[in-house]
Amino acid sequence: RWWMRLKVSVSFIKNKYNDVKKTIEAINYTSADYIHVDIMDGKFVEDKNYDINEVALFLRENVKPLDVHLMCCDLEKYIVEYADLMPKFITFHLEATDKVNEMIDMIHSYGIKCGISIKPNTSVKELLPYLNKIELVLVMSVEPGKGGQKFMPIAIDKINELRKLNKNIIISIDGGINDETVRLVNTDMVVSGSYVCMSDNFEEKINKLKKNIG
Ligand code: DX5
Ligand code: ZN
């Protein structure tokens, strides 16, 4: 995949400003490809963070395409809400629903690309029935729910397994990505949060991530 530049999607939940609006503004001045919007419902994961009105306010002056990551149950509600922001991707968790096909169709009905995410203990095999229908797979390299956790190597094999299938699908990874761990995975896209947003120079960190491929 050397001919394709690694895409970097920046998660703002942990940031040095302790201020989401400021952080998003700072990301807008960088070469980040996407803003990764982590939504936690207090049910699928323990923490509950923002509601849609807050997020819409944070993003009012944003110019970057959005990559929404729903760590939520009750997906019908969240998909309707977040589709309104016209994101490039909406990703939900395979573990969060029994109605996977319906959720895919629902996201597509808005003209939005669909991603499915798997937690560290979920096998790639469980994704197989859906891979021809979706545009992105998000492999979690930490337990979803918090920023700033340590990268779990179990994700490396999953990425390789997905690669071997050679599907026309974007492979992304989320959790503990920095200039070291990015070298361990051959993905099309990485999500990075604290490595970028807790640093003094967002652009420098993003460039380090991009240079570590190939
Ligand atoms: C984890 C979130 C991630 C997280 C990434 O629950 O889905 O997007 O914020 O942050 P870092 O890069 O700090 O692990
Ligand atoms: Zn995320």
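Two strands are taken to pair if DSSP finds at least two bridges between them, the strands (E, at least two residues) and helices (H or I, at least four) being DSSP runs numbered from the N terminus. On this basis E1 and E8 pair in the parallel sense over 4 bridges, and in E8 the bridge partner of Val8 is Val190. The structure is a predicted model, in which local features need pLDDT of at least 70 and side-chain atom pairs count only at pLDDT 80 or more, while totals for chains, interfaces and linings use all residues. Residues are numbered from 1 along each chain as its sequence is written, chains are lettered from A and ligands numbered from 1 in the order in which they are written, and side-chain values use heavy atoms, with hydrogens and water left out.

The pairing continues from E1 into E2. Strand E1 (residues 7-11) and E2 are parallel and share 3 bridges, with Tyr34 of E2 as the bridge partner of Ser9. Between these two strands the chain passes through helix H1 (residues 20-28), and this β-α-β crossover is right-handed; the term applies if, with the strands pointing away from the viewer, the path from the first strand over the helix to the second runs clockwise. E2 in turn pairs with E3 in the parallel sense over 6 bridges, where Ile35 stands opposite Leu66 in E3. Helix H2 (residues 52-58) joins E2 and E3 in another right-handed β-α-β unit.

Burial along these strands can be followed with three classes: buried is under 20% relative accessible area, exposed is over 50%, and partly exposed lies in between (1.4 Å probe, protein chains only). E2 is largely enclosed by the rest of the structure, because 7 of its 7 residues are buried. In a regular strand the side chains alternate between the two faces of the sheet. In E2, Tyr34, His36, Asp38 and Met40 point one way and Ile35, Val37 and Ile39 the other, and all are buried. E1 is also largely enclosed by the rest of the structure, since 4 of its 5 residues are buried.

Further along the chain, strand E6 (residues 136-140) runs parallel to E7, and 5 bridges join them; Leu138 has Ser172 of E7 as its bridge partner. E6, H5 and E7 form a right-handed β-α-β unit. E7 is joined to E8 by 3 bridges, again in parallel, and here Ser172 stands opposite Met189 in E8. With 4 of the 5 residues of E7 buried, this strand is largely enclosed by the rest of the structure.

Attention now turns to the metal site. The zinc ion (ligand 2) has as its protein donors His36 (NE2), Asp38 (OD), His69 (ND1) and Asp174 (OD), lying 2.1 to 2.2 Å from the ion. Donors here are N, O and S atoms within 2.8 Å of the metal (3.2 Å for Na, K and Ca); water is not among the atoms, so sites may look incomplete. Along the chain the donors follow the spacing H-x1-D-x30-H-x104-D. Distant parts of the chain are linked by the pair Asp38, in strand E2 (residues 34-40), and His69, in strand E3 (residues 66-71), which are 31 residues apart. Both Asp38 and His69 are buried. The arrangement around the zinc ion is octahedral because its 6 donor atoms subtend angles of 72 to 171 degrees; six donors earn that name if opposite donors are over 155 degrees apart and all others between 65 and 115.

The largest pocket has a volume of about 330 Å³. A pocket is an open set of points on a 1 Å grid over the protein atoms alone, where a 1.4 Å probe fits, with protein on both sides within 12 Å along at least five of seven lines; lining residues have an atom within 4 Å of a point. Of the 29 residues that line the largest pocket, those closest to its centre are Gly148, Gln149, Gly175, Gly176 and Ile177. Two or more lining residues come from each of E2, E3, strand E8 (189-192) and helix H6 (194-197).

Some loop residues complete the picture. Asn18, in the loop between E1 and H1, has a positive phi of about 55 degrees although it is not a glycine, and Asn18 counts as exposed because its relative accessibility is 76%. Met86, in the loop between helix H3 (75-83) and strand E4 (89-93), has a positive phi near 50 degrees and is exposed, with a relative accessible area of 72%.

Terms used: Tetrahedral: all angles 85-135°; square planar, octahedral: opposite > 155°, others 65-115°. Points joined across faces, edges and corners; volume = space filled by probe spheres on them.
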